[in-house]
Amino acid sequence: MTDIAASPQLCHRVGVTSPSRAISARNLTLTLGTPAAPVHILKGIDLDVGVGEVVALLGPSGSGKSSLMAVLTGLERASSGSLEIAGADFAALDEDGLAQARRGRIGIVLQAFHLLPTMTAVENVATPMELAGMERARDRARAELEAVGLGHRLDHYPAQLSGGEQQRVAIARATAPRPALIFADEPTGNLDAATGAAIIDMLFDRRAETGATLLIITHDAELAARCTRVITVADGRIASDVTA
Ligand SMILES: Nc1ncnc2c1ncn2[C@@H]1O[C@H](COP(=O)(O)OP(=O)(O)OP(=O)(O)O)[C@@H](O)[C@H]1O
């Protein structure tokens with residue numbers, strides 16, 4: 001009998017472990033608002049993203065990019081459709097299940113950093129790993145902060161750091177658990193151009209180092225050009241999908 005676990009190629013084919021697709025979504029919809037006044041935000045999204053792809057998500061304001069990211073990260077439950085993220089069936093999970101599936105699988109970087117103000121840089125990076133029961137969380141947090149050039153800021157609080165430094169902490173927090181996927185929503189939106197460019201270099205470097213799949217929401221055409229694939233969202237649907 002073939003030992004599936006001992007055959008990575010077969011694992012890929014049968015989808016037992018190490019799925020070759022990071023994202024597989026079929027006919028995803030998201031409707032919010034009230035029953036009397038429903039807002040149809042996502043209107044049937046079909047999307048496959050392979051492991052290691054670097055995808056830019058473009059589209060006009062209000063087109064549904066952040067909502068799509070919220071669904072793909074499990075922060076928001078789709079109203080209908082199927083969704084597999086790094087081998088986990090997100091459509092079948094309840095809130096607790098989604099939270100658990102996110103841990104270690106997904107790293108998120110947002111425009112507004114979202115660091116905890118009462119924790120130092122190393123605590124901000126280590127705490128999610130500690131909560132997820134990962135070993136050596138502090139050591140890993142220190143190493144990741146060193147990798148983003150903040151080895152000299154480990155014990156600083158967010159208020160003692162510049163915007164660019166805070167975003168580097170947020171990147172370290174997202175990448176330290178070695179997630180299969182990193183999602184970034186306009187990660188340079190609060191930074192000046194030079195700092196923003198340095199942050200993107202850092203994010204791309206860390207992604208390359210970890211082999212994660214990266215999906216990044218941006219309005220910046222230059223940044224989109226650095227991605228291997230550009231998806232445009234319009235009115236809750238995928239309007240175009242171009243692989244370089
Ligand atoms: N909780 C909610 N209830 C009702 N409508 C919502 C809710 N959240 C978002 N929307 C609407 O869904 C649409 C898509 O919003 P979303 O934030 O996903 O767009 P976006 O493409 O990310 O926009 P931007 O580029 O401006 O950030 C918008 O029209 C927004 O007003």
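**Exercise 1.** In this predicted model, work out how helices α6 and α7 are oriented relative to each other.

*Solution.* Start with the axes: those of α6 (residues 163-175) and α7 (residues 193-210) come within 10 Å and cross at roughly 15°. Next, bring in the cut-off: angles under 35 degrees count as roughly parallel. So α6 and α7 are roughly parallel to each other. As for handedness, their crossing is right-handed.

**Exercise 2.** List the residues that make the contact between α6 and α7, then sort the contact by class.

*Solution.* Take α6 to begin with: G163, G164, Q167, R168, I171 and T175 make its side of the contact. Over on α7, you'll find T195, A198, I199, M202, L203, R206 and T210. Now sort them, remembering that Gly goes with the polar ones: the contact has five nonpolar, six polar and two charged residues.

**Exercise 3.** Trace the open sheet and find its edge strands.

*Solution.* Write down the strand order, which is β2-β1-β4-β5, with antiparallel pairing. Then look for strands that pair on one side only: these are β2 (38-50) and β5 (88-89). Zoom in on the β5 end, where two bridges join β5 to β4 (residues 80-85). Here E84 stands opposite D89 in β5.

Finally, add the helix: α2 (residues 65-72) packs on the sheet and touches β1 (21-33), β2 and β4. The direction of α2 makes about 65° with that of β2.

**Exercise 4.** Describe the span that UniProt annotates as "domain: ABC transporter".

*Solution.* The unreviewed UniProt entry places this feature at residues 23-244. Check the ends: their C-alpha atoms lie 19 Å apart. For content, the span is 33% helix and 29% strand.

Conventions:
Residues are numbered from 1 along each chain as its sequence is written. This is a predicted model: local features need pLDDT of at least 70, side-chain atom pairs count only at pLDDT 80 or more; totals for chains, interfaces and linings use all residues. Axes are lines fitted to C-alpha atoms, for helices over the stretch in contact, and angles run from 0 to 180 degrees between N-to-C directions. Helices (H or I, at least four residues) and strands (E, at least two) are DSSP runs, numbered from the N terminus. Angles under 35 degrees count as roughly parallel, over 145 as roughly antiparallel, 65 to 115 as roughly perpendicular and the rest as oblique. A crossing is left-handed if the near helix is turned anticlockwise from the far one by less than a right angle, and right-handed if clockwise. Two residues are in contact if their C-beta atoms, placed from the backbone, lie within 7 Å. UniProt positions are given in the numbering used here, feature names are shortened, and annotations may be inferred rather than shown by experiment. Two strands pair if DSSP finds at least two bridges between them.
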